[in-house]
Amino acid sequence: MMSKDGLPSEEDLATLKALRSKILSASKKGSTNGFELDMPLTWFLLYVITCKNEQKFIRYDDLKEFCNQSSYLDTEDADRQFEGMLTLFHMLGFYAFFDHTETSCEWICTDITALYGEFANLL
């Protein structure tokens, strides 16, 4: 999140530094994939299910409820896991969403091409 002065928070800077370090260390090892990312299998399964779903725009609360009911998240600290999953999927280009706490946007797009299509329709 951004701080009040519009700059990245200390937590965000530390996260970016750790990510940069992981990418650099992976590239030095000569990994064919660039780097490996540890992600819970249940998150990957959720991504596959949402890709196959015809509904490309899902309400934030509905997706969160679905994840909790279907055990895609651990019951312990599920809110934090959900936010982490959305952030990861957004960074990887799987999902598009805006920070739920700072905007009135309650929708998550599970297909970036559908989002671009909607933008093109507006223009």
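**Figure 1. Contacts across the chain and overall make-up of the predicted model.** In this predicted model, residues 24 or more positions apart account for 48% of the contacts with a separation of 6 or more. The protein has 123 residues, of which 23% count as buried. About 9100 Å² of the protein is exposed, and carbon and sulfur atoms supply 57% of this area. Five helices and two strands make up the secondary structure. Read from the N terminus, the elements follow the order α-α-β-α-α-β-α.

**Figure 2. The largest nonpolar core.** This core holds 18 residues. Those that touch the most other members are L63, C67, F82, L86, Y95 and I108. Two or more residues of the core come from each of α2 (41-52), α3 and α4. The greatest contribution is that of α4, which gives six residues. As a general background, nonpolar side chains in soluble globular proteins tend to be buried together.

**Figure 3. The surroundings of L86.** Which residues are in contact with L86, once its neighbours within four places in sequence are left aside? They are Y60, L63, Y95, F97 and I108. Among these contacts, L63, Y95 and I108 also belong, like L86 itself, to the core residues that touch the most other members.

**Figure 4. The buried side of helix α3.** The helix α3 spans residues 60-69. Within α3, the residues Y60, L63, K64 and C67 are buried. These residues lie on the same side of α3, because they cover an arc of only 100 degrees around the axis. An α-helix has 3.6 residues a turn, so residues three or four places apart point the same way. The cover over the buried residues of α3 includes two helices, α2 and α4, together with the strands β1 (57-59) and β2 (107-109).

**Figure 5. The loop between α3 and α4.** This loop joins α3 (60-69) to α4 (78-91) and contains S71. Although S71 is not a glycine, its phi is positive, at about 60 degrees. S71 follows α3. Is S71 buried or exposed? Its relative accessibility is 52%, so S71 counts as exposed. D77 is also placed in the loop between α3 and α4. This residue, again not a glycine, has a positive phi of about 65 degrees. With a relative accessibility of 39%, D77 counts as partly exposed.

**Figure 6. The aromatic pair of F66 and Y72.** The structure contains six aromatic pairs. In the pair formed by F66 and Y72, the ring centres are 5.7 Å apart and the planes stand at 35 degrees, so the pair is tilted. Planes under 30 degrees apart would count as stacked, and planes over 60 degrees apart as edge-to-face. F66 is partly exposed, at 33% relative accessibility. Y72, by contrast, is buried, with a relative accessible area of 12%.

**Figure 7. Further aromatic residues: a cluster, and a charge over a ring.** Which residues form one aromatic cluster together with Y47? The other members are F89, F94 and Y95. Y95 is also one of the core residues that touch the most other members. Elsewhere in the view, R59 lies over the face of W107, at 6.0 Å from the ring centre. R59 falls within β1 (57-59), and W107 within β2 (107-109).

Technical notes. Residues are numbered from 1 along each chain as its sequence is written. This is a predicted model: local features need pLDDT of at least 70, side-chain atom pairs count only at pLDDT 80 or more; totals for chains, interfaces and linings use all residues. Side-chain values use heavy atoms; hydrogens and water are left out. Helices (H or I, at least four residues) and strands (E, at least two) are DSSP runs, numbered from the N terminus. Buried means under 20% relative accessible area, exposed over 50%, partly exposed in between (1.4 Å probe, protein chains only). Contact means heavy atoms within 4.5 Å. Accessible areas come from the Shrake-Rupley method with a 1.4 Å probe; for residues, only the protein chains shown count as cover. Rings of Phe, Tyr and Trp (its six-membered ring) pair if their centres lie within 6.5 Å; planes under 30 degrees apart count as stacked, over 60 as edge-to-face and the rest as tilted. A charge sits over a ring if NZ of Lys or CZ of Arg is within 6 Å of the ring centre and within 35 degrees of the ring normal. A nonpolar core is a set of buried Ala, Val, Leu, Ile, Met, Phe, Trp, Tyr and Cys residues joined through side-chain atoms within 4.5 Å. The arc is that of the directions from the helix axis to the C-beta atoms.
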